[in-house]
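Reader: I'm happier at the bench than with coordinates. Could you walk me through reading a model like this one?

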Amino acid sequence: MASRSKFLDPGLILTVVLVIYAAFVFIWWPTDIYWLGISLVGWLMFVGLFFWFGLGIIYALWIERIEGKNDS
């Protein structure tokens, strides 16, 4: 069995995606932009919940595919 690169690990890739999203939210934090009476940062954090849930599903499917290839 060949060793896979650690840089191609789904956990590392998806962690980098999460850090980029979190950095975007925290960079935006000091702005005073409101939509429907709620701060835009609040909206970004709310949307982030669904984003993180989606990443969790992607991670599980990605790992299952990798393990399926290794078992074959």
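Author: We'll take the helices one at a time and then look at the surface. Keep in mind that this is a predicted model.

Reader: Okay, helix 1 to start. How do its 19 residues compare with the span expected at 1.5 Å a residue?

Author: The idea is to multiply 1.5 Å by one less than the number of residues. For helix 1 that gives 27 Å, and the end C-alpha atoms are 27 Å apart, so the two agree.

Reader: And which residues of helix 1 are buried?

Author: Buried means under 20% relative accessible area. In helix 1 that goes for Pro10, Gly11, Leu14, Tyr21 and Val25. Looking down the helix axis, you'd find these buried residues within an arc of 95 degrees, so they line one face. Helix 2 is among the things that cover them.

Reader: Can you give me one residue as an example? Why does Pro10 count as buried?

Author: Pro10, which belongs to helix 1, has a relative accessibility of 1%, so it counts as buried. Its C-alpha is 15 Å from that of Ile20, with the two residues 10 apart in sequence.

Reader: What's exposed on the other side of helix 1?

Author: There you'll see Val19, Ile20, Phe26 and Ile27. Exposed means over 50% relative accessible area. Phe26 is at 56%, which is why it counts as exposed. Between the C-alpha atoms of Phe26 and Lys69 there are 38 Å, and 43 residues along the chain.

Reader: On to helix 2. How far does it reach from its first C-alpha to its last?

Author: Same sort of check. Helix 2 runs over residues 40-71, 32 residues in total, and reaches 46 Å, close to the 46 Å expected.

Reader: Which residues of helix 2 are buried, and what covers them?

Author: The buried ones are Val41, Leu44, Gly48, Leu55, Ile63 and Ile66. Their cover includes helix 1 and strand 2, the latter being residues 38-39.

Reader: Last one: which residues make the nonpolar surface patch?

Author: For a patch, you look for nonpolar side chains within 5 Å of each other on residues with over 30% relative accessible area. Here Leu18, Phe46, Val47, Leu49, Phe50, Phe51 and Trp52 make one of about 670 Å². Helix 2 gives the largest share, 6 residues.

Reader: So is Val47 buried, partly exposed or exposed?

Author: Val47 sits in helix 2. Its relative accessibility is 47%, so it counts as partly exposed.

Terms used:
Residues numbered from 1 in each chain as written. Predicted model: local features only at pLDDT ≥ 70, side-chain atom pairs only at ≥ 80, totals over all residues. Heavy atoms only, no water. Helix = DSSP H or I, 4+ residues; strand = E, 2+ residues; numbered from the N terminus. Buried < 20%, exposed > 50% of the residue type's maximum accessible area, 1.4 Å probe, protein only. Contact = heavy atoms within 4.5 Å. Patch = residues over 30% accessible without salt bridge, like charges linked within 9 Å, V, L, I, M, F, W, Y side chains within 5 Å. Areas by Shrake-Rupley, 256 points an atom, 1.4 Å probe, with all protein chains shown as cover. Salt bridge = Lys/Arg side-chain N within 4 Å of Asp/Glu carboxyl O. Arc of directions from axis to C-beta.
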